[in-house]
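Subject: Structure handover

Dear colleague,

The structure we discussed is below, with its sequence. My notes on the core packing and the salt bridges follow it.

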Amino acid sequence: MSVYTAHTDQELLCLLQGGNEAAFTEIYQRYWKKLFSAAYNRLHNTEDAREIVQQVFFILWKYRTQLRILHLPGYLSAMVRHAVYRHLATTGRTSSTLPQDELQAADNPDAEYRHLVRWLEKFAESLPSNQRIVFVECKLRDQSVKDVSAALGISRRTAEGYIARKLKALRKKLHYDRFLQLLWLYPLWPEWLINY
């Protein structure tokens with residue numbers, strides 16, 4: 001058993017930035033299966049999925065001093081997702097079904113991750129106080145619902161209700177924002193009106 005199993009992700013990231021190989025090994029053991037499963041579910045190929053996960057961990061180690069990671073599981077998941085997009089684009093498999101902006105973002109997972117975190121923080125700012133705290137602590141800082149609800153003095157069920165309602169609102173907002181992007185990229189104006 002590793003001496004780092006009790007460490008939080010943020011503690012492991014600090015050690016990783018200092019070049020601690022044991023901390024890197026703990027991160028690898030903590031997230032390898034989940035990342036492999038995510039890659040395999042998209043590719044349905046064991047070798048390709050394994051190669052992608054190895055590549056993600058190689059990049060994590062290589063750029064450990066440069067990356068600014070706020071939420072390790074989300075960051076690693078984004079890296080795997082973008083590596084899958086790159087793989088599909090380079091192999092020509094179903095790359096036409098991937099949105100072009102997602103293929104371009106695959107070249108820079110760090111920028112994509114920062115953009116997503118900023119977007120989520122902006123969304124959280126619009127929430128009432130307790131709901132914002134529950135959402136940020138549970139979804140962005142990876143704290144347990146039990147701990148957050150106890151700190152706020154609310155029931156666990158209430159905290160879970162906050163999260164469920166906010167995730168539903170977030171999904172609607174994501175769909176709406178994507179719809180607005182599509183309207184901007186592909187105007188629905190009839191050609192005769194544009195030429196009028």
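Leu76 is in contact with Ile27, Tyr31, Leu35, Val56 and Leu60, not counting neighbours within four places in sequence. Please keep in mind throughout that this is a predicted model.

Leu76 belongs to the largest nonpolar core, which has 28 residues. Together with Ile27, Phe57 and Leu60, Leu76 ranks among the residues with the most contacts inside that core. Four helices each supply at least two of the core's residues: H1 (9-17), H2 (21-43), H3 (46-62) and H4 (72-91). There is also a second core, separate from this one, made up of eight residues. Phe123, Ala124, Leu127 and Val136 are included in the second core.

On to the charged pairs. The count of salt bridges comes to four. Three of them are described here, starting with the pair formed by Arg30 and Asp9.

In the Arg30 to Asp9 salt bridge, the closest N and O atoms are 2.9 Å apart. This pair links distant parts of the chain, with Asp9 in helix H1 and Arg30 in helix H2, 21 residues apart. The two partners fall into separate accessibility classes. Asp9 has a relative accessible area of 12%, under the 20% cut-off, and is therefore buried. Arg30 has a relative accessibility of 27%, which lies between 20% and 50%, so Arg30 counts as partly exposed.

Arg30 also forms a salt bridge with Glu26, where the closest N and O atoms are 3.3 Å apart. Glu26 and Arg30 are separated by about one helical turn, because they lie four residues apart in helix H2. Glu26 is buried, since its relative accessible area of 6% is under 20%.

The third pair is in helix H3. Glu47 and Arg50 form a salt bridge whose closest N and O atoms are 2.9 Å apart. Both residues lie in helix H3, three residues apart, or about one turn of the helix. Arg50, at 34% relative accessibility, counts as partly exposed.

Which residues are joined into one network by salt bridges that share partners? They are Asp9, Glu26 and Arg30. Arg30 is the shared partner, as it forms a salt bridge with Asp9 and another with Glu26.

If you look at one place in the model, I would suggest Arg30 and its two partners.

Regards

Conventions. Residues numbered from 1 in each chain as written. Predicted model: local features only at pLDDT ≥ 70, side-chain atom pairs only at ≥ 80, totals over all residues. Heavy atoms only, no water. Core = buried A, V, L, I, M, F, W, Y, C linked by side-chain atoms within 4.5 Å. Buried < 20%, exposed > 50% of the residue type's maximum accessible area, 1.4 Å probe, protein only. Contact = heavy atoms within 4.5 Å. Salt bridge = Lys/Arg side-chain N within 4 Å of Asp/Glu carboxyl O.
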